[in-house]
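User: Please take a close look at one sheet in this protein, and then set that part within the chain as a whole. A connected account suited to a first-year student would be welcome.

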Amino acid sequence: MDRRKFLQMGAAGVAMSAVSKVALAAIPEPVMMDNADTQPLLTPSTGRPYHPVTTLNGWSLPWRMRNNVKEFHLVAEPVKRTIAPGMIANLWGYNGQSPGPTIEVVEGDNVRIYVTNKLPEHTSVHWHGQRLPNGMDGVSGLTQPSIKPGQTYVYEFVARRAGTFMYHPHADEMTQMAMGMMGSWVTHPKNPKFMVVDRDYVFLLNAYDIKPGSYLPKTNTMLEFNLWTFNSCVFPGISPIVAKQGEKLRVRVGNLTMTNHPIHLHGHEFEVTCTDGGWIPKTARWPEVTADIAVGQMRAIEFFADELGDWALHCHKSHHTMNAMGHDLPNMIGISQKGIADTFSALVPGYMAMGKTGMSEMSDMAEMMDMPLPENTLPMMMGKGQFGPIEMGGMFTTLKVRKNLAKGDFKDPGDYKHPKDSVAKKVSSDLPPVNNAKNNLLDKGMEITIRKPKGQMAH
Ligand SMILES: [Cu+2]
């Protein structure tokens, strides 16, 4: 091999250079994923040992070990993502899915990540939260030229600090993140005995604005997203977090939406043990049942799963546990819509009258023949439990704690079997019925006076 060729090959290890054909041959084959299911643990076969994480509705990217360097290959590309059964979104992501695969390395590892751009526009990858050379930080224009469509760039750095990080583009960021481009990164501590837990989960909070009946997110939406997701899935498409009773759990949650999310766990207390900035000393932690995760932050919570049952884990902003149909609707409680639906249906095909007694009727809407949903659209509230509709969507899943669960078993164990006499129940002597006279009057066609807004405060 002549000196020139040798130098070209060497260039593959340098960021900010479009890689030559010779170097391309040296790039590891990208590994792809074709579904949104939670994949089994990726147990390391090369490199130093660590306890792998479970990515909720996701997977970890296999690597190739070459000359003591862990080599990964990310492919930025358009993908199809199952948001929940019944809805597919056309997103942008990495290696077949959005979010991209979780990258797992060990503190001190030499890491090389090839990034191939198969998008119709330029991109870059920023490794959020990491200590690295400035030129590897992935801010297009500031620290590197953008990666043009068809180009492959290579990033190379030492994973200096253990913790949970994220990756996302720093090029046409609003569009690319609204399209789903992001992923998790876990740097495991080099001491495999440090902060050991039995099950270690990771996922990102993300959000989309996909209008009912469509497949593509609106990318100029700033705050009014209509699908609030854990790793680009909504309930009941989100896998449950499972645990054997008494096990210690860690759940690492990163927020790449445009608003904060108070993540609330039922039935247990937890401590925040890690942020993207590092591990929190024991003496500085306090007990919580809700952790507010601000935009661009990661929080790792830890707890003992000691209470048997199916416990809700969700964002406490109630509109974040609803799907697209829940947004921009007026409050119709107590207002009869008799006749309105017929009038409107003639003008607006598919018009739906709803909400006279609240919104729970929406959870059964898909099954109601006279209220068909638009194509590729999930009901506003969904999920069936053993006692009826759960009436949730969006950022909601369950922590399922069971007496017996094998070590590597992450499958949904089904509904919790409650011990006898331990479920809230109807009392035998009912109260007198609620006086519904007002609603009845409305049904009989009583006129409603609508007060017009005054002056500038029309909203
Ligand atoms: Cu939220």
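Analyst: In this predicted model, four strands form an open sheet in the order S5-S10-S9-S7, and their pairing is mixed. At the edges stand strand S5, residues 103-106, and strand S7, residues 126-128, each of which pairs on one side only. Averaged over the sheet and with direction ignored, neighbouring strands are turned by 25° against each other.

The edge strand S5 runs parallel to strand S10, residues 183-188, and four bridges join the two. Within this pair, valine 106 stands opposite histidine 188 of S10. As a general principle, the strands of a sheet pair through backbone hydrogen bonds, in either a parallel or an antiparallel manner.

A second open sheet may be set beside the one requested. Five strands make up this sheet, in the order S13-S24-S21-S15-S19, again with mixed pairing. Its edges are strand S13 (241-244) and strand S19 (290-293); each has a single partner strand, so one side of each is left without a neighbour in the sheet. Here the average turn between neighbouring strands, direction ignored, is 20°. Inside the sheet, strand S21 (residues 309-315) pairs with strand S24 (residues 396-402) in the antiparallel sense over six bridges. Alanine 312 stands opposite threonine 398 in S24.

These sheets belong to a chain whose secondary structure comes to five helices and 24 strands. Of the 459 residues in the protein chain, 39% are buried. The largest nonpolar core has 91 residues, and those with the most contacts inside it are Leu74, Val115, Met166, Leu227, Val234 and Leu399. Val115 offers an example: neighbours within four places in sequence aside, this valine is in contact with Leu74, Ala76, Val125, Ile147, Thr152, Tyr153 and Tyr155. For the chain as a whole, among contacts with a separation of 6 or more, 72% join residues 24 or more positions apart.

Finally, the confidence of the prediction must be considered. The mean pLDDT of the protein chain is 86, and 78% of its residues reach 70 or more. Over residues 1-20 the pLDDT is below 50, although this stretch has 33 contacts in the model beyond near neighbours in sequence. Residues 453-459 also have a pLDDT below 50, and on the same count that stretch has one contact. Where pLDDT is low, the predicted coordinates should not be read in detail.

Methods
Residues are numbered from 1 along each chain as its sequence is written. This is a predicted model: local features need pLDDT of at least 70, side-chain atom pairs count only at pLDDT 80 or more; totals for chains, interfaces and linings use all residues. A nonpolar core is a set of buried Ala, Val, Leu, Ile, Met, Phe, Trp, Tyr and Cys residues joined through C-beta atoms within 7 Å. A residue is buried if 20 or more other C-beta atoms lie within 10 Å of its own, exposed if 12 or fewer, and partly exposed in between; C-beta atoms are placed from the backbone. Two residues are in contact if their C-beta atoms, placed from the backbone, lie within 7 Å. Two strands pair if DSSP finds at least two bridges between them. Axes are lines fitted to C-alpha atoms, for helices over the stretch in contact, and angles run from 0 to 180 degrees between N-to-C directions. pLDDT is the predictor's confidence in each residue, from 0 to 100.
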